[in-house]
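Got your viewer open and a selection box ready? Let's walk through this model one selection at a time.

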Amino acid sequence: MKFLFPSLSLVVAVAALIALSRFLYPIWDVGAYFDRRPNILVVSVCSLRPDRIGAYNPKFKRSPLIDEWSQGAYIFTNAVAEEPWQNFTFEATETIHREFLARHKYSHFRNRPSGFHFFVPPTQSAGADEEWFWSEDAILHYKESFAELQKALLGRRARPFYLFSHLKYMHYPYYDPVNMTENDFARLSPKSRELLDRYRSDPLKFDLQLPAVTILLNNFDLLKKKFNLGDDRHVLSTSGVISDPKRNAKWRQTPGFADDLKMVEELYDLKMEKFDGLAAEVLNLYGNEKLKDNTVIIFTGDHGEAFMEHGVLGHSVNVYEEMLRYPLMVKFPGSKGGVIDQQVNHQIMSKITEGLIAGEINARNFEQKVKELNRDFLIARNCQDDIRTVRYRSEWKYIKNLVTGKNELYNLKSDPGETVNLVASEPDMAWKLEEYMIDHQTDFKRLTKREQLSRVCL
Amino acid sequence: MILRNFILSWAISISVSAFASPLQEALREYGVTVSSENFKVLKDQKISGNKIQRLIEVEGRRNERIEIKIVSPVEAAAARAMMDSERTVLKKLYAAPQTPYMGDIAQAIGSCPSKYGPLKKEMTFLAGKQDVLIGAATPERTFGACTSDQAKYRGAYVSYYHPATKTVWSWRISAPWTDGKPLGSEWLSDILAQFKNEISVP
């Protein structure tokens with residue numbers, strides 16, 4: 001009888017022990033407490049073009065803090081997405097899933113500070129995105145999120161942590177409204193201020209409204225004009241319409257096209273300039289020296305963003321470099337870093353991250369391990385799956401349009417802008433890459449679950 | 001050694017030739033006969049490596065055009081994926097535009113009016129029954145025309161795999177759409193009937 005009804009003090013003691021367990025954890029998990037394996041922080045930025053980072057493009061002077069951080073990082077100059085909407089999130093979380101992290105005794109952040117993307121199932125991604133980044137004040141949102149992140153980082157020191165964040169900051173900046181306070185405005189470069197000033201006198205042209213303390217870059221209205229979105233049914237459809245080649249072609253014919261495009265690019269650069277400071281806070285781990293000494297940071301993107309280089313604005317529509325290429329920098333504490341020309345994609349990056357977690361890849365063997373993951377051929381495709389491409393050894397790129405039957409071949413070393421089609425003059429290389437494409441194309445229905453998850457375009 | 005083998009394996013012979021031979025002559029080696037002499041060969045290219053691709057483009061007296069692509073050897077799975085993806089792409093051209101940001105553009109613009117296709121028909125072709133995809137084509141003979149000012153041609157696509165020779169055949173056929181009649185498949189029957197093959201293709 002006494003066994004069935006334990007004393008009240010015993011119940012209280014057990015409850016107290018359970019309550020205290022999370023605080024006692026570092027004591028009994030001695031191995032974890034002395035675990036010197038690095039933390040891994042992955043910061044991915046949506047739609048960030050590598051050429052908008054000074055570390056990639058010295059002519060670009062508007063990312064000084066990220067550039068400073070990049071000293072000592074490994075800089076991958078040929079990171080290309082499998083799709084111009086590919087998101088490392090899906091590949092990473094499917095690959096580096098919770099069980100994998102648990103097996104290697106990594107703590108994983110499952111909570112999602114607002115403004116950060118952790119794992120969002122593909123079916124929910126659109127809705128989840130729209131909820132916050134279309135409408136809310138992006139700047140404030142991120143500041144709050146960073147504060148949450150800081151708290152989280154400092155609270156997880158017993159075990160090494162793996163944290164993935166995907167920032168939607170650069171996503172379609174030209175129609176994602178951004179409120180700017182006077183302080184924000186003051187932080188801009190003279191060039192940005194000059195440009196914004198120039199358009200103050202012509203608010204209709206770009207619909208820049210200037211209330212007393214806020215500059216509202218309401219680009220949605222701008223785009224409605226530029227792309228003839230006169231009827232209400234298009235109000236929610238800008239993302240698709242922006243990248244519509246037919247509408248883009250009409251836009252190109254308008255007299256103000258050059259100025260319009262300049263403004264669109266400026267909006268993007270302006271946003272990058274603002275993002276620089278925010279990103280630097282995270283990349284420098286808020287100045288926490290203990291974390292700095294033992295955290296590997298991967299700063300990357302998901303895909304690029306086109307500015308009409310091949311007749312289209314935005315992303316998802318084609319497979320030219322401006323849409324597929326993304327920045328990728330890996331920084332180990334105390335390492336010298338270097339430039340890596342080898343072509344990589346998200347799948348390879350996932351394997352590198354897995355290797356870091358498993359302890360198989362470290363600062364000493366990083367370059368060698370990356371070489372071992374080399375793939376001479378990388379396949380990519382657009383979201384509509386009607387244009388496919390094979391990239392060969394960072395030098396050759398073959399593009400096949402399944403609708404028009406048009407094939408293109410470019411030498412990326414001599415023609416990085418993909419302007420001279422070499423199909424006729426280099427038929428052997430074109431056919432070699434076409435053959436690879438024939439042998440390796442896959443039907444989505446036949447992909448494994450993991451592969452399907454990594455292909456979120458469909 | 002690996003590098004040498006790799007280079008040797010790619011010691012490919014490339015021959016690209018364009019010549020105006022009769023269509024019958026071009027298709028003879030594949031066992032396909034053509035009952036009409038009305039086709040003018042616009043292009044006949046052969047590219048060889050580990051695989052061989054033959055591209056033949058012909059034009060008939062009524063401005064109908066046929067593009068024949070023959071690729072071999074291709075393993076069955078790759079061939080299936082190749083044909084499926086081409087069909088899927090063509091079908092998608094008549095569907096609502098898709099973007100990753102679903103729910104916006106698709107709902108806003110909607111799909112192509114059904115009178116422009118795609119129609120899926122089972123037709124007799126080369127001693128077998130084949131699934132043929134039919135749709136309106138643009139003045140450049142590209143599939144996916146969805147408006148009256150764009151729909152200048154009727155287009156058809158048919159592909160099949162011949163396992164014995166590991167060969168993938170794909171045919172794109174287009175003919176002027178000037179009679180004002182519905183898209184249909186009658187126009188195509190006459191064209192397809194001109195090609196015969198001793199071997200039944202699955």
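Select chain B and colour by burial: of its 202 residues, 34% are buried. Keep in mind as you look around that this is a predicted model.

Now switch chain B to a cartoon view. You should find five helices and nine strands. Following the chain along its sequence, you pass α-α-β-β-β-β-α-α-β-β-β-β-α-β. If you draw a contact map of chain B, 51% of the contacts with a separation of 6 or more join residues 24 or more positions apart.

Next, select chain A, where 41% of the 458 residues are buried. Its cartoon shows 20 helices and 16 strands. In the contact map of chain A, residues 24 or more positions apart make up 73% of the contacts with a separation of 6 or more.

Time to zoom in. Which strands of chain A form an open sheet with antiparallel pairing? Select S13, S14, S15 and S16 of chain A, which lie in just that order. Strand S13 (377-381) and strand S16 (407-411) of chain A are the edges, each pairing on one side only. On average, neighbouring strands here are turned by 15° against each other, direction ignored.

Stay with residues 396-401 of chain A, strand S15: five bridges tie this strand to the antiparallel S16(A). Show Trp396(A) and look across to S16(A), where Asn411(A) stands opposite.

Last stop: add residues 427-440 of chain A, helix H19, which packs on the sheet. Helix H19 touches S13, S14 (387-392), S15 and S16 of chain A, and its direction makes about 60° with that of S15(A).

Conventions. Residues are numbered from 1 along each chain as its sequence is written. Chains are lettered from A and ligands numbered from 1 in the order in which they are written. This is a predicted model: local features need pLDDT of at least 70, side-chain atom pairs count only at pLDDT 80 or more; totals for chains, interfaces and linings use all residues. Helices (H or I, at least four residues) and strands (E, at least two) are DSSP runs, numbered from the N terminus. A residue is buried if 20 or more other C-beta atoms lie within 10 Å of its own, exposed if 12 or fewer, and partly exposed in between; C-beta atoms are placed from the backbone. Two residues are in contact if their C-beta atoms, placed from the backbone, lie within 7 Å. Two strands pair if DSSP finds at least two bridges between them. Axes are lines fitted to C-alpha atoms, for helices over the stretch in contact, and angles run from 0 to 180 degrees between N-to-C directions.
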